[in-house]
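Colleague: Could you take me through one part of this structure slowly? I would like a close look at the place where the protein meets the DNA.

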Protein chains: 2
Amino acid sequence: MKLAEARQQFVQSWGVLGSQWGINRTMAQVHALLLTAPGALCTDDIMEQLKISRGNANMNLRELINWSIVDRVIIAGDRKEYFQAEKDIWKVATRIMYQRKKRELDPMLKVLAALELVEGDKRNPDIKAFTETVGSIRKFAAQADKSMDTLIKAEENWFVNQFMKLMK
Amino acid sequence: MKLAEARQQFVQSWGVLGSQWGINRTMAQVHALLLTAPGALCTDDIMEQLKISRGNANMNLRELINWSIVDRVIIAGDRKEYFQAEKDIWKVATRIMYQRKKRELDPMLKVLAALELVEGDKRNPDIKAFTETVGSIRKFAAQADKSMDTLIKAEENWFVNQFMKLMK
DNA sequence: CTGAATTTTCAATAAAAAATGAAAATTATT
DNA sequence: AATAATTTTCATTTTTTATTGAAAATTCAG
C-alpha cells in the first residue's frame, strides 16, 4: 500500500472508531490527519484533504485544542495559524481520559451519590433493589475514577512505567 | 427524593451517559429501567414507562440481550416474555467491554497492523512520521486489548479481586 | 388445525447531530 | 488609520441516526 492510501485509510478508520465512541467523526479525522502528518498543517490543508468547510475545520480544531491533544503553532513569516497533534500516544490517551472523566464520569458520580439518598424504608424491596444497584454502580464508578486519576497523574507510577516499557 | 423520581432520574442520566459513549440513548434507558427494577419487566412495561413504541422497545431489548447484559425470563402461566438485567455490575462491565473490544478494538488492530506495512523508504520523513505514529498506536491498542482480555477472563485474577474487594 | 396473543420486521417519518458558507469579528501589515 | 488577511460565529441546510406503527411472522392454547 502506498503512503497516501494508507494515510487515507487511517483517517477513515480513526473517524469510524471515534464516532462509535461518541466523538464527532470529523473531529477524529482531523486528529488522524494531524497525527500522521510529518509537520504542522494549516486550516486550508485540512479543508482540502478532508473536503470540509472552513467553519467545520475551525470548530473541530478548536475542540481538539480544548482537549489538549492538538496545539497551535506559529510559523515565522506566515500569517496563518498552524496545528500539530501531540504524538506521544500515552499523553493523548491520558488527556482524552481526563476530559471524558471530567465531563461525564464526575457528573454521573454526583448524580449517583444523590440517588442513593432516596427516601423510604430500606426493607421495601423496590427501594432495596434500587439502592443496591445504584450503590454498586457508584462504587464501581468511584473506583474507576480513582484508577483514572492514578493513570492520568503518574508518569512516575510503577504500573504505568511497566505498561509504557511494553510500548517502547 | 421519592423512589419514582429517583428512578426516573437514573434512567435519564444513564441514557445521557450512554449516548455520550456511542450507545443508543433508548437502549441505555431500557437498561437502566431493568437495572433498577425489583423484578423482570415485559415489553409493555417498558413501552409504558419510557413512552416508546413496541418496535423500538423490541429492538433495544434484543440488542441488550445480544450484549449479554439482559436475559429473557419465562414467567409460568404468562404468555408474554419478561426481561431482567444482570445486576452484578462487574459482569455488566466486562460484558460491555467484551462486546466493544470485539466489535471495535479488534477490527482497528487489524487495520493498524496492515497500515504499518506501508511501502517505501523508511528514511523518507513522511513515511517515518506515519509508521511511527501508527506503530505506537498499534502497540498501545494491543496492550489495551491484552489488559481487557485479562479483566474479562479472570475472576481468579489477583488484581481483579483486589479491585472487587474495594467495591464490596 | 384454528385463531388469538405476542413478537418481529422494516418502509416511512421524525428527531438529532453535523456541516455549510457567508457575514461579522479579529488580527496583522503598511 | 486604512485595508487586507485570517479566524470565528451561527442561521440555515444537509446528513445521519433513531423511532414509529402497522403488516407479517411466529408462537401457543384449546
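Modeller: Happy to! Keep in mind that this is a predicted model. Let's start with the surface near DNA strand C. 17 residues surround this strand, and the closest are A:Thr26, A:Ser53, B:Asn58, B:Arg62 and B:Glu81. Sorted by class, the residues of this surface are one nonpolar, eight polar and eight charged. On the DNA side, 71% of the atoms of strand C within 4 Å of the protein belong to sugar or phosphate, and the rest belong to bases.

Now look at the phosphates of strand C. One phosphate oxygen is 2.7 Å from a polar backbone atom of A:Ser53. For A:Asn56, an N or O atom in the side chain is 3.1 Å from a phosphate oxygen. For A:Asn24, an N or O atom in the side chain is 3.3 Å from a phosphate oxygen. Two elements give two or more residues to this surface: helix H4 (54-66) of chain A and helix H4 (54-66) of chain B. The largest share, four residues, comes from H4(B).

Since chains A and B both appear here, it helps to see how they meet each other. 46 residues of chain B are in contact with 46 residues of chain A. Together the two chains bury about 4500 Å², with 75% of it on carbon and sulfur atoms. There are two salt bridges between chain B and chain A; in one of them, the side chains of A:Glu119 and B:Lys2 meet at 3.7 Å, N to O. The largest share of the side of chain B that touches chain A, 13 residues, comes from H6(B). By class, that side has 29 nonpolar, nine polar and eight charged residues.

Definitions and conventions. Residues are numbered from 1 along each chain as its sequence is written. Chains are lettered from A and ligands numbered from 1 in the order in which they are written. This is a predicted model: local features need pLDDT of at least 70, side-chain atom pairs count only at pLDDT 80 or more; totals for chains, interfaces and linings use all residues. Side-chain values use heavy atoms; hydrogens and water are left out. A residue is near a molecule or strand if one of its heavy atoms lies within 4 Å of it. A polar contact is a pair of N or O atoms within 3.5 Å; within protein, one must be able to donate a hydrogen and the other to accept it, and residues adjacent in sequence count only if both atoms are side-chain atoms. Ala, Val, Leu, Ile, Met, Phe, Trp, Tyr, Cys and Pro count as nonpolar, Asp, Glu, Lys and Arg as charged, and the others, Gly among them, as polar. Contact means heavy atoms within 4.5 Å. Buried area is the accessible area (1.4 Å probe) that two parts lose on being put together, summed over both. A salt bridge is a side-chain nitrogen of Lys or Arg within 4 Å of a carboxyl oxygen of Asp or Glu.
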